[in-house]
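Student: I am new to this structure and should like to be guided through it step by step. May we begin once it is in view?

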Amino acid sequence: MILFINFKKAYAEIKEEIQKAIERVFERQWFILGEELEKFEKEFSDYNGLKYGIGVNSGSDALYLAVLASGISKGDEIITISHTMTSTVDAIVRSGAKPVFVDIDPMTYTMDPLKIEEKITMRTKAIMLVHLYGNPTDMDPILELSVKYNLLIIEDACQAHGAEYKGKKVGSIGDIGCFSFYPTKNLGAYGDAGMIVTNNEELALKFKLYRNYGQRKRYYHNFIGINSRLDEIQAAILRVKLKYLDNWNNKRRKNANLYDELLEESNVITPIEKEYAKHIYHLYVIRSKNRDKLKDYLDKHEIQTYIHYPIPVHQSKAYLEYKKIYKLPVTERICNEILSLPMHPWLTKEEIESISELIQQFLTTN
Ligand SMILES: *Cc1c(COP(=O)(O)O)cnc(C)c1O
């Protein structure tokens, strides 16, 4: 069986350090908003070249608070994509604002910058883009629009820790970057966690208040916030793992290169890394017209694969109202063709070879 992600191998590599970190928190007996979080916030914002990091409960909350604390609400519109995890869009809707979908680029599967301007109205307040699969969105045209129309840029970097656009870390390019440390992410906790990063001091202060019941001082509430904090145990764990992130991302990139090479002659479409991008392959996603059969074939040979994502957000049951309004041809086509192959830093050359061979085998008989 070749697993999609191998958590046990990851843990084996860092077990002692992780246990020490957890023990440190237990000895201190301080679990919420303490030293570990403060240090991790500093370390992670430094890593991204930014001044502020605000630890929250999840990537979903990071996105939600980004919208909420920016003062975006009912009547406002946020431009986003439908080919993403539902949390991106949920964050917009939870705040009362309306998501406005644009299609994706057929090569990179990220927001198509050429499709944005026609969707901008008087109500547009922000653009929420997603560096999906760990592949950076083309940011320059989006930054130009943000200046021209005075729009806030929120980056959903939940799958893209360490990915770069023109040498800059994604999440640090727009106004607000949102990260998830869900266990499967390139930087993953042993539970739920997330972070908002920014250089905007005023916003940073707001995020801090909003994540902690809207209180400036204990029991003095300026507005209605939520409870969304990154706890000390997860912060201590993430501090250990952050030191390995670049090394692990490089291993993913090597694995991706090997897949690319071995699948080059086949008629599946492999991921693309544009000249502006450093892709960190949170997911290695191929495309095939025969996707469902290919997936069954790999299942039968005990290769674990997934589809990210089978149903575009605007066509999901939760968002039925948008299904009729929107036609997003690229988004709607590729969700029937995409397949995520096993990808993690501990995948071996032999495993990648046998997966690639199976794919070739399937293709010659189908
Ligand atoms: C994982 C993810 C989220 C949500 O993060 P959670 O920590 O699971 O809430 C949001 N957007 C994208 C693109 C993600 O991959």
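Tutor: Let us start with a term: a polar contact is a pair of N or O atoms within 3.5 Å. Please also keep in mind that this is a predicted model.

Student: Which atom of the ligand does a polar side-chain atom of Q159 approach, and at what distance?

Tutor: A polar contact requires N or O atoms within 3.5 Å of each other. The polar side-chain atom of Q159 meets that cut-off, and its partner is an oxygen atom of the ligand, at 2.8 Å.

Student: From which kind of ligand atom does a polar side-chain atom of D156 lie 2.8 Å?

Tutor: Q159 was paired with an oxygen atom of the ligand. For D156, the ligand atom at 2.8 Å from the polar side-chain atom is a nitrogen.

Student: At what distance does a polar side-chain atom of K185 lie from an oxygen atom of the ligand?

Tutor: K185 is among the residues that come nearest to the ligand. Its polar side-chain atom and an oxygen atom of the ligand are separated by 2.7 Å.

Student: How much of the area that the ligand exposes when taken alone does the protein bury?

Tutor: Taken alone, the ligand exposes 380 Å². The space that the ligand takes is the largest pocket. Of the area exposed by the ligand alone, the protein buries 93%.

Student: Which helix gives the largest share of the shell around the ligand?

Tutor: The ligand has 14 residues around it. By class, this shell has four nonpolar, two charged and eight polar residues. Two helices, α3 (59-69) and α4 (86-94), each supply at least two of the shell residues. The largest share is three residues, and the helix that gives it is α3.

Student: How many of the 11 residues of α3 are buried?

Tutor: A residue counts as buried when its relative accessible area is under 20%. Among the residues of α3 that meet this condition are G59, D61 and Y64. The helix is largely enclosed by the rest of the structure, because the number of its buried residues is 10 of the 11.

Student: Which residue caps the N-terminal end of α3?

Tutor: The cap can be recognised from a side-chain oxygen placed 3.4 Å from the backbone nitrogen of S60. After α3 comes G71, with a positive phi near 80 degrees. The residue that caps the N-terminal end is S58.

Student: Is S180 buried or exposed?

Tutor: S180 belongs to strand β8, residues 176-180, and is one of the residues that come nearest to the ligand. Its side chain reaches the backbone nitrogen of Y182 at 3.1 Å. The relative accessible area of S180 is 6%, so this residue is buried.

Student: Which residue does a cis peptide bond join to H308?

Tutor: Most peptide bonds are trans. Here the bond is cis, with omega at about 5 degrees. The partner is placed in the loop between α9 (291-300) and α10 (320-323). The residue joined to H308 is Y309.

Student: What is the phi of N150, a residue other than glycine?

Tutor: Most residues other than glycine have a negative phi. N150 is found in the loop between α5 (140-149) and β5 (152-156). With a relative accessible area of 68%, N150 is exposed. Its phi is positive, near 55 degrees.

Student: Where is Y213, and how is its accessibility classed?

Tutor: Y213 is not a glycine, although its phi is positive, about 60 degrees. Y213 is placed in the loop between α6 (201-210) and β10 (215-217). At a relative accessibility of 36%, Y213 counts as partly exposed.

Student: How far apart in space are G49 and T198, C-alpha to C-alpha?

Tutor: G49 lies in the loop between α2 (35-47) and β1 (52-56). The relative accessible area of G49 is 58%, so G49 is exposed. G49 and T198 are 149 residues apart in sequence, and their C-alpha atoms are separated in space by 9.5 Å.

Student: What is the distance in space between S45 and G171, C-alpha to C-alpha?

Tutor: S45 is part of helix α2. At 1% relative accessibility, S45 counts as buried. S45 and G171 are 126 residues apart in sequence, and the distance between them in space, C-alpha to C-alpha, is 9.9 Å.

How values were computed:
Residues are numbered from 1 along each chain as its sequence is written. This is a predicted model: local features need pLDDT of at least 70, side-chain atom pairs count only at pLDDT 80 or more; totals for chains, interfaces and linings use all residues. Side-chain values use heavy atoms; hydrogens and water are left out. A residue is near a molecule or strand if one of its heavy atoms lies within 4 Å of it. A polar contact is a pair of N or O atoms within 3.5 Å; within protein, one must be able to donate a hydrogen and the other to accept it, and residues adjacent in sequence count only if both atoms are side-chain atoms. Accessible areas come from the Shrake-Rupley method with a 1.4 Å probe; for residues, only the protein chains shown count as cover. On a 1 Å grid over the protein atoms alone, a cavity is a set of points where a 1.4 Å probe fits but cannot get out, and a pocket is an open set with protein on both sides within 12 Å along at least five of seven lines; lining residues have an atom within 4 Å of a point. A molecule sits in a cavity or pocket if more than half of its atoms lie within 2 Å of its grid points. Helices (H or I, at least four residues) and strands (E, at least two) are DSSP runs, numbered from the N terminus. Ala, Val, Leu, Ile, Met, Phe, Trp, Tyr, Cys and Pro count as nonpolar, Asp, Glu, Lys and Arg as charged, and the others, Gly among them, as polar. Buried means under 20% relative accessible area, exposed over 50%, partly exposed in between (1.4 Å probe, protein chains only).
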